Amino acid sequence: MTPPTQRVVTGCLFMAVGLLGWVGLGDLDVGTLSNPGPAFFPRLVAALLIAMGGLNLLGGLLQGGLAWKVSGRPVKLGAFLLVFLGLGGFFAFLPFLGLIPASLFLVMVASMATGEARFKESLVLGGVLTLLAILLFKGVLGLSIPYVAWGEALV
């Protein structure tokens with residue numbers, strides 16, 4: 001098993017190389033799956049490097065790779081990252097997947113920050129909080145957020 005600090009550095013390096021490749025492609029056309037452009041495969045490789053680096057970084061931080069202290073008490077940076085990953089995923093997935101999958105993603109990922117989360121308990125909590133979110137966003141605020149969105153079809 002690699003030390004946590006090494007995983008953090010490796011993750012940052014992978015993400016930096018992936019971002020450099022992504023930005024370096026500039027305005028090249030990506031195209032589509034059926035008709036890929038010249039930037040299709042390089043962007044795919046860059047995205048995979050960024051994703052692998054992010055997973056490596058997150059794994060190192062969850063393992064205790066960077067130890068910070070606030071008021072003399074250790075702070076688990078991985079827990080903060082999991083909460084922010086859950087929030088970021090919620091806002092990223094909401095327009096594409098809908099309220100139910102985005103809310104479940106938020107609760108499932110953020111519940112891992114405790115280190116004591118159980119899958120079934122997190123799933124039940126996610127279901128209850130999703131129902132409350134539906135009542136709040138749809139019922140009280142009257143927002144037009146789809147429950148579930150699959151591509152072009154909104155439910």
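These are my notes on the aromatic rings of a predicted model.

Entry 1, ring pairs. I searched the whole structure for aromatic pairs and found two. I took Phe 90 with Phe 91 to begin with: the ring centres are 5.2 Å apart and the planes stand at 75 degrees, so I logged the pair as edge-to-face. The cut-off for that class is over 60 degrees.

Entry 2, accessibility of that pair. I looked up whether Phe 90 is buried or exposed. Its relative accessibility is 8%, so I put Phe 90 down as buried. Phe 91 comes out at 57% and therefore counts as exposed.

Entry 3, the other pair. I then went to Phe 93 and Phe 105, which also form an aromatic pair. I noted 4.9 Å from centre to centre and 80 degrees between the planes, again edge-to-face. Which helices hold these two rings? I placed Phe 93 in helix H3, residues 77-97, and Phe 105 in helix H4, residues 99-111. The pair therefore ties together parts that are twelve residues apart in sequence.

Entry 4, accessibility again. I read 31% relative accessibility for Phe 93, so Phe 93 is partly exposed. Phe 105, at 25%, is partly exposed as well.

Entry 5, charges over rings. I checked which residue lies over the face of Trp 22 and found Arg 43, at 4.9 Å from the ring centre. For Tyr 147 I found Lys 138 over the face of the ring, at 4.7 Å from its centre.

Terms used:
Residues are numbered from 1 along each chain as its sequence is written. This is a predicted model: local features need pLDDT of at least 70, side-chain atom pairs count only at pLDDT 80 or more; totals for chains, interfaces and linings use all residues. Side-chain values use heavy atoms; hydrogens and water are left out. Rings of Phe, Tyr and Trp (its six-membered ring) pair if their centres lie within 6.5 Å; planes under 30 degrees apart count as stacked, over 60 as edge-to-face and the rest as tilted. Buried means under 20% relative accessible area, exposed over 50%, partly exposed in between (1.4 Å probe, protein chains only). Helices (H or I, at least four residues) and strands (E, at least two) are DSSP runs, numbered from the N terminus. A charge sits over a ring if NZ of Lys or CZ of Arg is within 6 Å of the ring centre and within 35 degrees of the ring normal.
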